[in-house]
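Here are my notes on the model you sent, set out as numbered points so that each can be checked against the coordinates. Please read them with the structure open beside you.

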Amino acid sequence: MGIRQMWGDSVDTPPLNCEPSRFNFFASTAMKITSNTAVTLRMKVTDSQGLVYDDGKNPVSYLHGDYDNLFSKLEAALEGQEAGFQTTLELATEDTFGERDEALVTTMPKAEFPPGVKVGGQIQRLGPDGERRYYFVTKIKGPVVLLDGNHPLCGKTLRFALKVVDVREASAEEIAHQHVHGEHGHQH
């Protein structure tokens, strides 16, 4: 049966009992990213020269809504979006890990160094501000261990290619803990 046989000669006239205003087949019912939604996304991270730091193949999940689980400019770009949304953003150093702080580059005697930690590993110790922080072991040179308390990506402009995979309501427990649980999220 063709469309003219169903509706008659006037293709512009819908059949009786079928008011277009009652049936919006194209209305989106997908959940939008808002505060207290659990968002799963793929996130490829590169620097301004194209060096890949994360290929984005493994999805990550975060709790949306000023929980400091994602850079604020990325979170702002995702607000109101839904699964399938894609974007690429370039963030300046001050919007990611900040500038390098040479006061966070230090040494310690190898004799005080914890056993089993190697170059590339991390240790916790007091920073110049008296607060505990993580330091990356950058080199072991004779009796001295070189440490860097800066994040490895600080001082870099970073490009984020984002694709929203899933959006759902966060559980009360996730909101209380301020992070997503389960697959691609935090494991307790």
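1. I begin with a hairpin, and with the reminder that everything below refers to a predicted model. Strands β7 and β8 form this hairpin with two residues between them, and Gly-142, which lies in the turn, has a positive phi of about 60°.

2. The two arms of the hairpin pair in the antiparallel sense, and five bridges hold β7 and β8 in register. One position to look up is Phe-136, whose bridge partner in β8 is Asp-148.

3. On the pairing of β8 with β5, the model has the two strands running antiparallel, with five bridges joining β5 to β8, the latter covering residues 144–148. Two pairs can be used to follow the alignment: Thr-106 has Leu-147 as its bridge partner in β8, and Pro-109 stands opposite Val-144 in β8.

4. These pairings belong to an open sheet of four strands, which has the order β5-β8-β7-β6 and antiparallel pairing. Because β5 (105–109) and β6 (122–126) stand at the edges and have a single partner strand each, one side of each is left without a neighbour in the sheet. From one strand to the next, the twist averages 45°. When you inspect the strands, bear in mind that in a regular strand the side chains alternate between the two faces of the sheet.

5. Turning to pockets, the largest one has a volume of about 270 Å³. It is lined by 17 residues, of which Met-43, Val-60, Tyr-62, Asn-69 and Leu-70 are the closest to its centre. The elements that give two or more residues to this lining are β1 (37–47), β3 (60–63) and β9 (158–169), and the largest share, three residues, comes from β3. In character, the lining of the largest pocket divides into 11 nonpolar residues, five polar and one charged.

6. The second largest pocket holds about 150 Å³ of space. Which strand gives the most to the lining of this second largest pocket? That strand is β7 (residues 132–141), with three residues. Among the residues that line the second largest pocket are Arg-133, Tyr-134 and Phe-136, together with Phe-97, Glu-99, Gln-122 and Cys-154; Phe-136 is thus a lining residue as well as the bridge partner of Asp-148. The lining of the second largest pocket divides into five nonpolar, four polar and two charged residues.

7. A separate point concerns Ser-61, which has its place in strand β3, and Thr-40, which has its place in strand β1. Are these two residues buried or exposed? Ser-61 has a relative accessible area of 17% and is therefore buried, and Thr-40, at 11% relative accessibility, counts as buried too, since the cut-off for that term is under 20%. Their side chains are joined by a polar contact of 2.7 Å, and I would ask you to look at this pair in the viewer.

8. Finally, Ser-61 also offers a long-range pair in the chain: Ser-61 and His-179 are 118 residues apart in sequence, yet 8.5 Å apart in space, taken from C-alpha to C-alpha.

Key. Residues numbered from 1 in each chain as written. Predicted model: local features only at pLDDT ≥ 70, side-chain atom pairs only at ≥ 80, totals over all residues. Heavy atoms only, no water. Pairing = 2+ DSSP bridges. Axes fitted to C-alpha atoms, helices over the stretch in contact; angles between N-to-C directions. 1 Å grid on protein atoms, 1.4 Å probe; cavity = no way out; pocket = protein on both sides within 12 Å on 5 of 7 lines; lining within 4 Å. Points joined across faces, edges and corners; volume = space filled by probe spheres on them. Nonpolar A, V, L, I, M, F, W, Y, C, P; charged D, E, K, R; others polar. Buried < 20%, exposed > 50% of the residue type's maximum accessible area, 1.4 Å probe, protein only. Polar contact = N/O pair within 3.5 Å; in protein donor to acceptor, adjacent residues only side chain to side chain.
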